[in-house]
Amino acid sequence: MNNPGISPMSSATVAVVVTYEPGPLGGLLKALAPQCDAVLVVDNGSAAPGLERAREACAAHGARLIELGENLGIAAAQNRGIAAARAQGARYVLLSDQDSIPSPTMVAQLLEAIDEDPRIAAVGPLPTEEREGADELVYVDRGWSPKRATKAELSRPRLETAFLIASGCLVRVSALEEIGPMREDLFIDHVDLEWGVRARRSGWRLVAVPAARLAHSLGDEVVRLPGREQPIHVHAPIRNYYILRNTLALVGRGSPLPARWRVRYSYWAAKYALFNAALPDRRAERHRMLRRGLADGLRGRLGPYASRHPNR
């Protein structure tokens, strides 16, 4: 149920924060509150301790909590939050996960950029990880697939992107009416990629603002390989399933991806499966998840893992 006593308002910019088993949220909500007209927290079925943390943080910082009661996936939670923001009259929605902290001027910088062109569907900051070997997660359309932006590209005031990662992304509500919502059957991985592809196919622009900063944590371990500048993120076995499955689904029949991207992502999927199959950590579980991700991706079986295959 939603927090009582909060009535709809005419909001220009509404933040939508998706949580699942969150840690302390006070820092994030404190950072968002002065930058946005309203903050909505959509809890994706956290157990009692995490849900109570979300309730306490929302009460302390004037945010509205929407409790979904079950894990519907990141796309569904974002769509529920966006719908609530639109009901409050939002012109822009700022998406955030629970592990990101915006700089004090981030939202203002994004608003300035998105107002420069009415065909900009969304703008994003420069998300950076605060650890050794941190990634700067801005992707441009280069060659056969999206690639991380170079240092030179990130020195520009504005940068056209292939897609924007969801956390820190400021979305124009009117663009959603043409592009459509986040694709819920993907559940968790590649949701932002797929939406970005649809946006660009519809003639909308996606722009990064490198001067706008977002401290972002992916929550994964990283591996550094000799001769490779970028770190490799190591995910839990269930994420191996979703990443491989959704990659294969997005390159299959009826794919919205450009043809050259489909070729490259097919090659990437093979490398991803082989690399993760070789990891010693939870090897048997990884192998099982990768096999099922391969099978479901090729068959186009999407949706949440547990409910789709309750007997696994």
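1. A good place to start is the right-handed β-α-β unit that β2, helix α2 (residues 48-61) and β3 make together. Please keep in mind as you look that this is a predicted model.

2. Now take the two strands of that unit. Strand β2 (residues 38-43) and β3 pair in the parallel sense, and four bridges join them. If you would like one contact to find on screen, try V42, whose bridge partner in β3 is I66.

3. Staying with β3, which covers residues 64-67, which way do the side chains go? R64 and I66 point one way from the strand, while L65 and E67 point the other way. Whichever way they point, R64, I66, L65 and E67 are all buried.

4. Next, have a look at the backbone of E21. This residue is not a glycine, yet its phi is positive, at about 50 degrees. Most residues other than glycine have a negative phi, so E21 deserves a glance. You will find E21 in the loop between β1 (13-19) and α1 (26-32). With a relative accessible area of 34%, E21 is partly exposed.

5. Where does R282 sit? Look in the loop between α9 (259-277) and α10 (283-299). R282 is a residue other than glycine with a positive phi, near 50 degrees. Is R282 buried or exposed? Its relative accessibility is 42%, and R282 therefore counts as partly exposed, since buried would need under 20% and exposed over 50%.

Key:
Residues are numbered from 1 along each chain as its sequence is written. This is a predicted model: local features need pLDDT of at least 70, side-chain atom pairs count only at pLDDT 80 or more; totals for chains, interfaces and linings use all residues. Side-chain values use heavy atoms; hydrogens and water are left out. Buried means under 20% relative accessible area, exposed over 50%, partly exposed in between (1.4 Å probe, protein chains only). Two strands pair if DSSP finds at least two bridges between them. A crossover is right-handed if, with the strands pointing away from the viewer, the path from the first strand over the helix to the second runs clockwise.
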